[in-house]
Amino acid sequence: MSVELMVNQWIESAHERGASDIHFEPDKDDKVRVRMRVDGDLRTIEVVPDGRKVIARLKVMAGLDVNERGVPLDGRIKFSSSGGGRSGLDLRLSTNPCLGGEKVVLRLIDSSKLGMTLEDLGFTKAMLAAYKPLVASPTGLLLHVGPTGSGKTTSLYAVLNTINRPEINIQTVEDPVEYDVPGITQTQVNHEAGLTFPRVLRALLRQDPDVILVGEIRDHETGEIAVEAAMTGHLVLSTLHTNDAVGTVVRLVDMGIPPYAIAYALRSVISQRFARKLCERCRRSVQPPEPVIQMTGSNRPIYKAEGCKSCSRDGYDGRTPILEFLPMTEPLKRAIYGGATPDVLGEVAARTGMISLWDDGCAKMWAGLTSFEEVLRLTKGHRGAQTGAARRRAEHTARHAQGAPPPQAGPGARPVVRPAAARPPGAPAVSQPPRKPAR
Ligand SMILES: [Zn+2]
């Protein structure tokens, strides 16, 4: 089979599998290992000879100079399948010199995500109801946080899709630009050319923007400009590499952003993860085992999947987002302004309407979307995660606090009940453990 045909088949196969990336890794014997990232994990597809030819073919497709091998390169490929059926698959290509030649990674840009709106992001009704007014507001800073690959950028584009209209000027600064969105102005940072986040931001602020998307807040300067812009009549959307919503506030303070500015500008933080989704064909409802009852305080049925043909005996098929939602409230503003510790911020957040990763994970577990194991895995060491011991302590405290209104009774090691609106119908309240010292 020709190299051209092989490359086309890999791309088509990646698209069919719903892969996000294809990796081409050459070795010293001129073989190339082809791997694809599907549902977050890399899987080896095959190892083939003629590594240099494969890499050269990919670079030609992206319009790059085949002979330029010593430096990292970026390119784009507009791919149409050999059958001509599928059109408009966008690929972003990057190269990196390595032992054995050059490694190439293709990122598949799923243009179906371009049409995504807030409703497609896995928000519960309660979160949507709280988030939509913030998105519609002309000012404020909205942050989406989480590790790499947690869907932050996709979420931001969904927000843009929701508000994009000819009457407003939307400008972005990104590294790199992932999706081409009609109707908005997108600028890609270029560090070599000195086109940094702060520099582009300052320039676009002079271009009469209404909405600004900052790909990522990584440094003090970017954070400061973003916060200032959000305080002066712009809606600012951005991402941060933090683990949880409360930790995001702490990180901004650590970056040197004045607490009053954070309190004033920040409207919400959404922390996101992907959980593996239970296979719809083989999942079934089961009685929850004792640890689940202990940790959730509920004996509501959960779901298990044994594995079937359709999910390759895995029990899981695809992914589902698990979200933590922290809305800014007056008590939280006062706590940030007053320089509260992360522990106290966590307490105030839980008391005033935060939906924790644990809360949303449990809701999605009871809805049959994911398993208890996945919820545990994703919330391990996370604020709002529970252990049996914590649960018992919380119950003990609750027994002693009987008679007093439980959640609003004040800080300390007492259970915090999440708002009724966020609970699925019929689900009992999920209580939270006493806050652990965060850092
Ligand atoms: Zn299955």
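## The open sheet

Seven strands form an open sheet in the order 9-8-10-11-7-12-15, and their pairing is mixed. Strand 9 (185–188) and strand 15 (316–327) stand at the edges; each has a single partner strand, so one side of each is left without a neighbour in the sheet. From one strand to the next, the twist averages 15 degrees. The structure is a predicted model.

At one edge, strand 9 runs parallel to strand 8 (residues 170–174), and four bridges join the two. Which residue of strand 9 is the bridge partner of Val173? The partner is Thr187.

## The chain as a whole

The chain has 439 residues, of which 50% count as buried. Its secondary structure comes to 14 helices and 15 strands.

Among the contacts in the chain with a separation of 6 or more, 63% are between residues 24 or more positions apart. The accessible surface of the chain comes to about 20,300 Å², and carbon and sulfur atoms account for 50% of that surface.

## Helix 12

Helix 12 (residues 357–366) lies across two strands of the chain, strand 12 (266–278) and strand 15. The helix runs at about 140 degrees to strand 15, which is also one of the edge strands of the open sheet.

Is helix 12 mostly covered or mostly uncovered? Helix 12 is mostly covered, with 10 of its 10 residues buried. The buried residues include Trp358 and Trp366, as well as Asp359, Asp360 and Lys364. Leu357, Gly361, Cys362, Ala363 and Met365 are buried too.

Several elements cover these residues. Among them are three helices: helix 3 (125–136), helix 9 (290–296) and helix 13 (372–379). Strand 12, strand 14 (302–305) and strand 15 also belong to the cover. After helix 12 comes Gly368, whose phi is positive, near 85 degrees.

## The zinc site

Which residues coordinate the zinc ion? They are Cys279, Cys282, Cys308 and Cys311, each through its SG atom, at 2.3 Å. Along the chain, these donors follow the spacing C-x2-C-x25-C-x2-C.

The angles among the four donor atoms are 106 to 112 degrees, and the site is tetrahedral. A site with four donors counts as tetrahedral if all angles lie between 85 and 135 degrees. Of the coordinating residues, Cys308 and Cys311 are both buried.

Conventions:
Residues numbered from 1 in each chain as written. Predicted model: local features only at pLDDT ≥ 70, side-chain atom pairs only at ≥ 80, totals over all residues. Heavy atoms only, no water. Donors = N, O, S within 2.8 Å, 3.2 Å for Na, K, Ca; no water. Tetrahedral: all angles 85-135°; square planar, octahedral: opposite > 155°, others 65-115°. Buried < 20%, exposed > 50% of the residue type's maximum accessible area, 1.4 Å probe, protein only. Pairing = 2+ DSSP bridges. Axes fitted to C-alpha atoms, helices over the stretch in contact; angles between N-to-C directions. Contact = heavy atoms within 4.5 Å. Areas by Shrake-Rupley, 256 points an atom, 1.4 Å probe, with all protein chains shown as cover.
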